[in-house]
Amino acid sequence: MKRKLFSVGDLCLDLLQEIGKDLQFGEEHALRSLDFSIGGNAANFAVIASKLGLKPVLVSSIGRDFATPFLRKNLAKAGVSSKFIKSSLPNSFSVIAVNRRGERAIQSVKNCLNEITAKRIEKILLPQLGEQDIVFFGGFYHLTKLRPGFLSLLKKIKKRRAVICFDTCFDTTGKWGIAKFLPFIDYLFVNDIELKHVARGSSLKKRAELLLEKGAGCVAVKQAGKGATVFARPFTAMRFPSLAGKVVDTTAAGDAFNTGFVFGLMRDWSLNNCALAANFVAARKIREHGLAAPRQGQVEIFVKRNKRPLLAVKKNYREMSRAAALEVIALLKQKPNASLALATGETPKLLYSLLASAHRKGAVDFSRARFFALDEYVGLGKQDRNSFGHYLMHKFLDKVNAKRQNISLLNGLAHNLKRECARHEAAIKRQGIDLCILGIGRNGHVAFNEPGSSPNSITRVVKLKPQTKRVNGKNFSSGLAPARALTIGLRTIRDNSRAVILLASGKNKRQAVKCMLKSKDTLKCPAATLRSHYNTTVLVDRAAFNS
C-alpha cells in the first residue's frame with residue numbers, strides 16, 4: 001500500500017517585501033518588490049511536497065476575509081489537497097522583509113490559527129491515517145490552542161503506526177516545551193538557533209544528543225549556510241555541507257529542507273541520502289523568491305549520483321551488535337509484520353542473543369514478523385547442525401515467538417535445487433524484505449555471492465571459492481565446507497530490500513569493508529554493489545574499520 005503524507009499546522013498569507021537596505025524607523029523606504037504568497041511552515045511544506053510529486057494533504061485552518069479565495073486558489077493550483085477547519089475569524093498573516101543579502105525579518109498575526117485544536121485535528125486526521133503514513137507537524141509553536149491535548153494526539157497517531165515528523169519553528173511565546181513529545185517524534189527538524197531553546201548543552205552535538213536521550217528518533221539540525229547535521233540513535237552524527245550558491249531569499253528554506261528530507265523518507269532512503277535530498281531542495285529554494293523547488297526527477301538524479309552508504313563505526317563488537325538490535329526492535333515496533341532476511345556465521349551471533357533477551361523482557365514481539373534465510377549448503381537439511389537452517393532456528397528463531405509458517409528457509413536437500421531457488425525468490429518478491437541483515441566474507445562476498453557474481457544475480461546454486469570453504473569449514477570433519485550452496489542473489493537483495501544493514505567485526509574483515517566502501521569492481525568485491533542501494537548501512541566495530 002502506498003504511503004500517504006499529511007502536513008498539519010499553519011497556513012497564512014505572506015506579504016513579502018524586498019527592501020534595498022536595512023529598515024530604519026522614522027524614515028520612508030522604497031521597496032524593490034512586493035508580493036503575496038502562501039505562507040506558514042505546514043503550508044509551505046505541502047506546496048513544495050506537491051511540486052516534488054508527493055501528493056500531500058494539508059490539514060489546517062482557513063479564515064473568512066479577502067485572503068481566503070487567494071489561499072484556496074493557489075493551494076489548488078499547486079496541487080495540494082486540503083482539509084480545513086473553517087473559521088469565521090480573519091486568516092493568519094505574516095509580513096516578511098528580505099534584504100539584499102537574503103536575510104529576513106518576520107512579523108505575524110495568528111487569527112484563525114487559534115482555532116486549531118488537538119480534538120479538531122484528530123477528527124480530520126485519524127480516520128484517514130494508515131500504517132507507515134507520514135504526518136508532518138509544522139508551525140506548532142504558532143498554534144497555541146493545539147498544545148492542550150497534543151500529547152494525546154501523538155499517542156493516537158503512533159497507535160496507528162504512522163511516522164511523525166515535527167518541525168519546531170520559533171516560539172514567540174518563549175515557552176518552548178517539547179520534552180514530553182520527544183518519545184513519539186520519529187524525525188525532529190530544528191535549526192541551530194531553535195536548538196539552543198529546546199535543549200541545554202555546551203555544543204550543538206550535546207544539545208542534539210540530549211533530545212535523542214529523551215526519546216526523539218532522529219534530530220536534523222539546520223545550520224543555514226553551513227548546511228545540516230543529522231543525529232540518530234544508535235548511530236553517530238552526520239555532517240552535510242550546504243549546496244547553496246547565490247542567496248536570494250532564505251524565506252521557507254527550512255521548510256524546503258524538511259520537504260526534501262521527507263521526500264527521501266517516502267522512498268525508504270537512508271538518513272544520509274534523505275539529508276542529501278534535503279540540502280538539494282533547500283539550495284534550489286534559496287536561489288529565488290517564492291516556493292521554488294526542483295523537479296522530482298532532478299532530486300532523484302542528484303541523489304543517485306551522490307548517494308553513499310551510511311557508515312557507523314562502533315567501539316567494539318558488543319556495541320555494534322547492540323546498535324543492530326536496536327534497529328531491528330525499532331522496525332518491529334513501527335511495523336510488527338516486517339520481514340527480515342537473516343545472516344548466519346560468527347558476526348550476527350550476539351545480535352541474535354540480544355534480540356532473544358529483549359524478547360524475554362517483553363521489549364519486542366516477533367509473532368507477526370516474517371523471516372528469510374540468505375543461503376544454505378547443498379546437501380544439508382535444517383536438521384544438520386552445520387546447516388544454516390539449524391543455525392537460525394537454534395541461535396535465534398526457536399528462542400523467540402517466531403511462527404513456523406512465517407519462516408522461509410532454503411532446503412539444501414531439495415530434489416530439484418533450481419525449483420527450490422525459484423520458490424524462495426518468488427516468496428521474497430511477493431513479501432519483500434523490510435530489513436536485510438548481511439555479514440561480509442573476507443573476500444567481499446555477501447550471502448554466498450562470491451567474487452565473480454553478477455550484480456544482476458537472483459537466487460541460485462553457486463560454487464564456493466576455496467577460501468570460503470576453508471574459513472567456513474571448521475565445524476566439518478573434512479575441514480572444508482561443502483563445495484556448493486544455494487544463495488539469494490545480489491539483485492534479489494537490492495531490488496527487494498527496503499533497508500540493508502551490513503555487519504562486520506574484527507581485523508580480518510578490515511580489507512573486505514574497505515573494498516565494499518571504495519571498490520569500483522563489483523565483480524571482485526560483490527558487497528560493493530550494495531553502494532547502489534538507497535538505504536544501506538555499514539555497521540562495523542573499530543577493529544573492522546580502516547579509515
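This passage describes helix packing, nonpolar cores and selected loop residues in a predicted model.

Helix α1, which spans residues 41-51, is largely enclosed by the rest of the structure, because 10 of its 11 residues are buried. The buried positions are N41, A42, A43, N44, F45, A46, V47, I48, A49 and S50. Just after this helix, G53 adopts a positive phi of about 85°.

Two packed helices are described by the angle between their axes and the distance between the axes. Helix α1 packs against helix α7 (residues 253-266) at an angle of about 50°, and the two axes are 9 Å apart. The arrangement of α1 relative to α7 is therefore oblique. The crossing of α1 past α7 is right-handed. On the α1 side, the contact is formed by N41, N44, F45, I48 and A49, and on the α7 side by D255, A256, N258, T259 and V262. Sorted by class, the residues in the contact of α1 with α7 are 5 nonpolar, 4 polar and 1 charged. The α1 residues in this contact, N41, N44, F45, I48 and A49, also appear among the buried residues of the helix.

A further helix pair is formed by α8 (residues 271-286) and α9 (residues 296-306). The axes of α8 and α9 come within 10 Å and cross at roughly 130°. The two helices, α8 and α9, are therefore oblique to each other. Their crossing is right-handed. Residues N273, L276, A277, F280 and V281 of α8 meet Q298, V299, F302, V303 and N306 of α9. The contact of α8 with α9 comprises 7 nonpolar and 3 polar residues, with no charged residues.

The largest nonpolar core contains 123 residues, of which F261 and F371 touch the most other members. Helix α8 supplies the largest share of this core, with 9 residues. F261 falls within the span of α7, residues 253-266. Leaving aside residues up to four places away in sequence, F371 touches L340, L342, F366, F396, L397, A402, N406, I407 and S408. A second core, separate from the largest one, has 44 residues, including I116, I124, I185 and L195.

Positive phi values in residues other than glycine were also examined. Most residues other than glycine have a negative phi, and most peptide bonds are trans. N111 has a phi near 50°, a positive value in a residue other than glycine. This residue, N111, is located in the loop between β7 (104-109) and α3 (118-125). With a relative accessibility of 21%, N111 counts as partly exposed. Phi of R161 is likewise positive, near 60°, in a residue other than glycine. R161 is placed in the loop that joins α4 (150-159) and β9 (163-167). Its relative accessibility is 28%, so R161 counts as partly exposed.

Another loop position is S478, which lies between α14 (466-471) and β21 (484-487). S478 counts as exposed because its relative accessibility is 57%, and the threshold for this class is over 50%. Between S478 and K205 the separation is 273 residues in sequence and 53 Å in space, C-alpha to C-alpha.

Note on methods. Residues are numbered from 1 along each chain as its sequence is written. This is a predicted model: local features need pLDDT of at least 70, side-chain atom pairs count only at pLDDT 80 or more; totals for chains, interfaces and linings use all residues. Side-chain values use heavy atoms; hydrogens and water are left out. Axes are lines fitted to C-alpha atoms, for helices over the stretch in contact, and angles run from 0 to 180 degrees between N-to-C directions. Helices (H or I, at least four residues) and strands (E, at least two) are DSSP runs, numbered from the N terminus. Angles under 35 degrees count as roughly parallel, over 145 as roughly antiparallel, 65 to 115 as roughly perpendicular and the rest as oblique. A crossing is left-handed if the near helix is turned anticlockwise from the far one by less than a right angle, and right-handed if clockwise. Contact means heavy atoms within 4.5 Å. Ala, Val, Leu, Ile, Met, Phe, Trp, Tyr, Cys and Pro count as nonpolar, Asp, Glu, Lys and Arg as charged, and the others, Gly among them, as polar. A nonpolar core is a set of buried Ala, Val, Leu, Ile, Met, Phe, Trp, Tyr and Cys residues joined through side-chain atoms within 4.5 Å. Buried means under 20% relative accessible area, exposed over 50%, partly exposed in between (1.4 Å probe, protein chains only).
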